[in-house]
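Reader: I have some questions about how the labels in this model were assigned. Can we take them one by one?

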Amino acid sequence: MEDIKSRFEGKWQCVKTENIESYLEARGVNIIKRKAAAQFKPIQTISVKDGKVEIIRKVPIKEIRHEFVLDEENDIVDDDNKFKAKLTYSDGKMTVNLKSADGKSKDNVIVREIEGDNLIVTATCNGVSAKSTFKKS
């Protein structure tokens, strides 16, 4: 947990996105939400406390907060989709595996890693990936 804290903890501002609309389409997100999401430059705040990793994603219309216990399955809701989520950490990468828990959501994987001074977030669903680059603010 100390490595996660020292590498990832902080407030991160999105400066670049790639292929977000296609990724969201693969997840089954409707066109209106896809178009809106493509315009956002979210802020992610990552913190480590009490043996948990908290990730907060903030966009102009809402804030999404998730807490994870490392290597344990967690129940989360994201945009009315229910998932069984498991956060793992290996080789400097935080990976969240999201498995559908409601039969309507689609499994996906989100990988966070540090490259230079940037936080790189790669999200993949059904073989379609999106990449977001964040700078510490």
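Reader: Which residues is glutamate 67 in contact with, leaving aside its neighbours within four places in sequence?

Author: This is a predicted model. In it, glutamate 67 contacts Lys52, Val53, Glu54 and Asn74, with neighbours within four places in sequence left aside. Glutamate 67 sits in strand β4, residues 62–69.

Reader: Why does glutamate 67 count as partly exposed?

Author: Its relative accessibility is 38%. Buried means under 20% and exposed means over 50%. The value for glutamate 67 lies in between, so the label is partly exposed.

Reader: What makes the 3.0 Å pair of arginine 112 and glutamine 44 a polar contact?

Author: The two side chains pair at 3.0 Å. The cut-off for N or O atoms is 3.5 Å, so the distance fits. Arginine 112 belongs to strand β8, residues 108–115.

Reader: How do you know that arginine 112 has no salt bridge?

Author: Look at the nearest side chain of opposite charge. That is aspartate 78, 8.8 Å away. A salt bridge needs a nitrogen and a carboxyl oxygen within 4 Å, so aspartate 78 does not qualify. Arginine 112 is nevertheless buried.

Reader: What does leucine 119 touch, not counting residues up to four places away in sequence?

Author: Among others, Phe8, Trp12, Gln44, Ile46 and Arg112. Leucine 119 is also one of the residues with the most contacts inside the largest nonpolar core, which has 28 residues. In soluble globular proteins, nonpolar side chains tend to be buried together.

Reader: How far apart are glutamate 67 and leucine 119 in space?

Author: 19 Å, C-alpha to C-alpha. In sequence they are 52 residues apart.

Note on methods:
Residues numbered from 1 in each chain as written. Predicted model: local features only at pLDDT ≥ 70, side-chain atom pairs only at ≥ 80, totals over all residues. Heavy atoms only, no water. Helix = DSSP H or I, 4+ residues; strand = E, 2+ residues; numbered from the N terminus. Buried < 20%, exposed > 50% of the residue type's maximum accessible area, 1.4 Å probe, protein only. Lys, Arg positive; Asp, Glu negative; His and termini not counted. Polar contact = N/O pair within 3.5 Å; in protein donor to acceptor, adjacent residues only side chain to side chain. Core = buried A, V, L, I, M, F, W, Y, C linked by side-chain atoms within 4.5 Å. Contact = heavy atoms within 4.5 Å.
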